[in-house]
Amino acid sequence: MHFPIDRTLTPRLDMMAVQRGTLSNVPSDHMAVAEYANGQWLKARIQPYRPIPISPYSIVLHYAQTVFEGMKAYRGADGVIRIFRWEKHHARLLKSLARMCMPDVPADLFRGGVFGLAGVDSDWVPPGPPAAYYLRPFVFGSEEHVGLKPADEYMFMVLGAPFRAAYKGKLKIKVERDYSRAAPGGTGFAKCGGNYAGVMLPTKIAHSEGYDQVLWTDALTHSTVEEIGTTNVAFVIKGALVTPPLGNTILDGVTRDSVLTLARDMGVEVHERSIEVAEIVSGLKDGSVTEGLGFGTAASVVPMGMIAVDGVQYEFPDSPDGIATAVRAKLDGIRYGTLADTYKWMTVVEPE
Ligand SMILES: *Cc1c(COP(=O)(O)O)cnc(C)c1O
């Protein structure tokens, strides 16, 4: 679907800042919008980025009926812009929407919004690595209604912003033993707004204690590993890459799937199985755990430097030639067009 374009008359683009990579987390000039009413998506368009009017009684504001995606467009060494695995992001959006009682966003609408925006704002896509253009598709219940029920009206929007990697250096991780992110039967697998409001306090506490992020453990026993902040997690144990299996408490990361695929094809043994916190502690002591990795769209692949369990800190050994480095190099190569896209993960953006 091609979104009609209403171009901004007051572009804010500072090309020099984009080139230098200093422009980060600033909304680009346009946004994609579509509205849902009477069972149909209508009025799909690209328009200048600006605030939108919304009723104070919009269902989203009170009951968090909203889901989002986070994906990136990469400017290759050849100058071509490519988006990473848009179909997989769309498939996950559908799962999140279903969990929140929200209508499907059809693939052609999703694709039209994401590629239309990246095409119109293509000059905002910085050269990398590690810089890229972050795309934020989201859907929310916009209907004005007093009381709790699924909305009958929604908005689908796509925003974009040039973006540099969120994490610098090695992660200092706090294993969370009190708070929970997601419980069995809850919404942990959905990329829905409420999941993120709930993690702000425990994350703030971890920051105040000097840690970069929280490692979430299972809500019932706080003894097995789930994920880190907004990234999935894996450890290298006896040379194998081990990550918790997907279930309804863990977000099905597109980066996770990509990392596991690349690792397997590089000949690394990969296990999806439950991991005890105690196993990481004893493995760091006896040398069988050699790496900890966090991975997500925002951060790409980041190594852990230290992990704290009940206030005791354990260091990871230095592994500059480890699996994290190798997988990250492969991912970057595919994303920035310097390695063959053998998995057909990249789709070219046509500038508009
Ligand atoms: C988005 C997200 C991830 C990472 O998913 P990607 O598709 O790799 O970006 C992991 N955990 C949580 C909680 C997330 O919100």
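Which atom of the ligand is 2.4 Å from an N or O atom in the side chain of Tyr196? Select the ligand together with Tyr196 in this predicted model, and you will find that the partner on the ligand side is an oxygen atom.

Keep the ligand selected and add Glu227, where a polar side-chain atom lies 2.5 Å from a nitrogen atom of the ligand. Add Thr255 next, whose side chain places a polar atom 2.6 Å from an oxygen atom of the ligand. With the protein surface switched on, note that the protein covers 97% of the 380 Å² of accessible area that the ligand has on its own.

Now widen the selection to the whole shell, in which 16 residues surround the ligand, with Lys191 and Thr297 listed among the closest. By class, this shell divides into 3 nonpolar, 9 polar and 4 charged residues. Colour α3 (86–99) and α7 (254–265), each of which supplies at least two residues of the shell, and then display the pockets, where the ligand sits in the largest one.

From there, turn to the enclosed space: a search of the whole structure finds 1 cavity of 30 Å³ or more, and about 80 Å³ of space lies in the largest cavity. To see its lining, select residues including Lys72, Tyr74, Pro130, Thr297, Arg328, Asp332 and Arg335. The elements that give two or more residues to this lining are β4 (71–75) and α9 (323–335), and the largest share, 3 residues, comes from α9. Colouring the lining by class shows 6 nonpolar, 2 polar and 4 charged residues.

As a last stop, centre on Thr297, which is one of the residues closest to the ligand and also lines the largest cavity.

Definitions and conventions. Residues are numbered from 1 along each chain as its sequence is written. This is a predicted model: local features need pLDDT of at least 70, side-chain atom pairs count only at pLDDT 80 or more; totals for chains, interfaces and linings use all residues. Side-chain values use heavy atoms; hydrogens and water are left out. A residue is near a molecule or strand if one of its heavy atoms lies within 4 Å of it. A polar contact is a pair of N or O atoms within 3.5 Å; within protein, one must be able to donate a hydrogen and the other to accept it, and residues adjacent in sequence count only if both atoms are side-chain atoms. Accessible areas come from the Shrake-Rupley method with a 1.4 Å probe; for residues, only the protein chains shown count as cover. On a 1 Å grid over the protein atoms alone, a cavity is a set of points where a 1.4 Å probe fits but cannot get out, and a pocket is an open set with protein on both sides within 12 Å along at least five of seven lines; lining residues have an atom within 4 Å of a point. A molecule sits in a cavity or pocket if more than half of its atoms lie within 2 Å of its grid points. Helices (H or I, at least four residues) and strands (E, at least two) are DSSP runs, numbered from the N terminus. Ala, Val, Leu, Ile, Met, Phe, Trp, Tyr, Cys and Pro count as nonpolar, Asp, Glu, Lys and Arg as charged, and the others, Gly among them, as polar. Grid points are joined across faces, edges and corners, and a volume is the space filled by probe spheres set on the points.
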